[in-house]
Amino acid sequence: MKISVYDTTLRDGSQMEGISFSVEDKIRIARRLDAFGIDYIEGGWPGAVPKDTEFFTRMREAPLERAKLCAFGSTRRAGGNVETDPFLAHLLAAETPVVTLVAKSSRWQVTDVLRTTLEENLRMIAESVAYLKASGKEVILDAEHFFDGWKLDREYTLAALAAAVESGVDVLVPCDTNGGTMPHEVGEIIGEVVARFPRTSIGMHPHDDGDCGTANAIAAVRAGANHVQGTINGFGERTGNANLIPIVANLRLKLGYECLDEQAMGELTRLSHFVDEVANMAPNPRAAYVGRNAFTHKAGLHVDGIAKHASAYEHVEPDSVGNVRRLPVSEQSGTATIAQKAALLGYSIDKRSETARRVLDEVTRREHEGYSYEGAEASFELLLKGATGDSTHRFDLVGYRVLVEKRANDPEPITEATVRVRVDGVERLTVAEGDGPVHALDGALRAALVDAYPHLRDIELTDFKVRVVTAGEGTAARVRAIIESTDHQGTAWSTVGVSTNIIEASWRALVDAVEYGLRDS
Ligand SMILES: [Zn+2]
């Protein structure tokens with residue numbers, strides 16, 4: 001059975017705290033989802049949100065290639081008329097092939113929130129659907145609070161759906177609006193809805209408040225739904241919408257449903273990271289299928305086993321979702337791990353060789369100081385390059401200075417960094433201000449290097465974290481700084497620096513970040 005995938009990252013997903021998409025961001029995401037093969041892309045609420053109105057205007061100039069664009073809005077107002085309803089007029093003005101109407105389906109929501117009669121709500125649904133169908137739209141009905149409404153008055157929720165079906169609705173989508181329904185309940189209820197409306201497509205719109213968003217989407221499909229709504233990476237209000245990434249991976253790879261193209265699965269990791277990047281969110285390392293830890297095997301006992309029987313520790317092949325296997329280096333690991341890790345990065349090192357032993361000694365020594373390479377493969381790769389004689393050294397530090405100044409009435413301190421480095425035998429002195437010491441040092445170092453290495457303009461620091469670590473016995477507490485960087489090709493890398501001084505720790509991570517970014521320059 002073909003399962004349609006409906007993405008609402010640009011509408012429901014953008015409700016998440018910390019996300020604010022510009023019109024340009026929305027267009028980039030829409031185009032990427034289109035290329036990826038999503039069936040329906042909900043762009044927003046025209047008329048209600050000015051940015052969304054502009055988005056639809058811009059999308060008319062260059063329509064999507066494969067996906068159907070959807071405009072979202074509510075049924076006509078209580079006591080009103082479809083012909084003169086301002087929201088329905090905005091939905092038509094968006095000129096999308098699909099309109100998604102949100103409607104009340106819970107008796108309590110109608111009488112206590114909408115404050116109208118049960119009969120009027122049914123007329124609002126029937127007339128709005130009929131009006132949009134007569135205008136040539138494909139119409140999807142999102143039935144809000146459906147599962148709670150069902151438990152309160154099942155017949156009324158079914159009457160709300162029937163009103164839409166009689167007016168020719170294309171897809172009925174029960175919504176678990178507060179995200180609290182359990183998978184077995186979704187299965188039972190969707191099964192009954194499918195039986196009641198056998199000629200209409202039935203969908204599911206889960207939220208993740210009970211951590212059951214993915215399970216609820218799957219339960220609905222197994223009960224006969226053929227349309228699933230969610231967001232990339234589970235963006236959304238509160239704990240988020242259901243996450244389309246594991247939903248489509250599970251439906252296709254585990255359950256064998258026809259859902260997106262086969263080759264789309266191999267793009268899942270890149271898609272997930274792309275949307276995080278546009279949303280300016282740090283990717284979740286523990287995300288199922290696409291997180292950086294999803295196929296990471298902590299070194300030690302089973303490292304040899306991994307090489308021989310990877311499938312024993314992996315529920316799918318990492319390639320099948322575009323991810324990669326990682327074998328983090330850690331203190332317990334031996335030269336075999338070093339050799340394997342090196343092989344993954346494209347270096348051939350014999351585990352019995354002097355080089356493997358040297359790298360292991362260096363990793364062990366640094367871990368004792370408080371370094372950790374488990375989340376900083378780029379720093380490990382630089383160390384490996386050094387050990388194999390492939391120098392990534394691009395400049396020599398002569399000195400740096402960081403000044404932080406705050407006067408009584410300043411809301412925030414001012415930070416200024418001065419960097420003196422030698423590049424190709426020429427000494428350069430540069431100064432930059434920043435929001436903090438790392439930002440200022442980054443600015444000054446870039447200014448010093450950018451003429452020699454213009455590729456630096458493509459490199460961006462995306463995240464910075466510090467943690468206090470207690471290193472080996474008898475030493476003071478140290479600070480570990482981790483910097484995440486990306487370039488314009490979407491490659492992301494993490495580097496690490498450790499020191500008793502937070503600025504020095506950050507500097508070390510920054511130098512690795514820049515040298516890694518310039519490794520091929
Ligand atoms: Zn929702």
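This is a short chat about reading aromatic ring contacts in a predicted model.

Visitor: How many aromatic pairs does a search of the whole structure find?

Guide: Nine, in this predicted model. A pair of aromatic rings is described by the distance of the centres and the angle of the planes. Take tryptophan 45 and phenylalanine 72: their centres are 5.2 Å apart, with 75 degrees between the planes, so with the edge-to-face class starting over 60 degrees, that is what this pair is.

Visitor: Which parts of the chain does that pair link?

Guide: Distant ones, 27 residues apart. Tryptophan 45 is in the loop between strand E2 (40–44) and helix H2 (50–61), while phenylalanine 72 belongs to strand E3 (residues 68–74).

Visitor: Is phenylalanine 72 buried or exposed?

Guide: Buried, at a relative accessible area of 3%. Tryptophan 45, at 25%, counts as partly exposed.

Visitor: And what lies over the face of phenylalanine 72?

Guide: Arginine 11, at 3.5 Å from the ring centre. There's another case to look up: the charged end of arginine 519 sits over the ring of tyrosine 516, 3.9 Å from its centre.

Visitor: Why is the pair of phenylalanine 146 and tryptophan 150 tilted?

Guide: Because the planes of the two rings are at 40 degrees, with the centres 5.9 Å apart. Phenylalanine 146 and tryptophan 150 are four residues apart in helix H6 (residues 146–166), so about one helical turn separates them. Phenylalanine 146 is buried at 0% relative accessible area, and tryptophan 150 also counts as buried, at 7%.

Visitor: Which residues do ring pairs link into a cluster?

Guide: Phe146, Phe147 and Trp150.

Terms used
Residues are numbered from 1 along each chain as its sequence is written. This is a predicted model: local features need pLDDT of at least 70, side-chain atom pairs count only at pLDDT 80 or more; totals for chains, interfaces and linings use all residues. Side-chain values use heavy atoms; hydrogens and water are left out. Rings of Phe, Tyr and Trp (its six-membered ring) pair if their centres lie within 6.5 Å; planes under 30 degrees apart count as stacked, over 60 as edge-to-face and the rest as tilted. Helices (H or I, at least four residues) and strands (E, at least two) are DSSP runs, numbered from the N terminus. Buried means under 20% relative accessible area, exposed over 50%, partly exposed in between (1.4 Å probe, protein chains only). A charge sits over a ring if NZ of Lys or CZ of Arg is within 6 Å of the ring centre and within 35 degrees of the ring normal.
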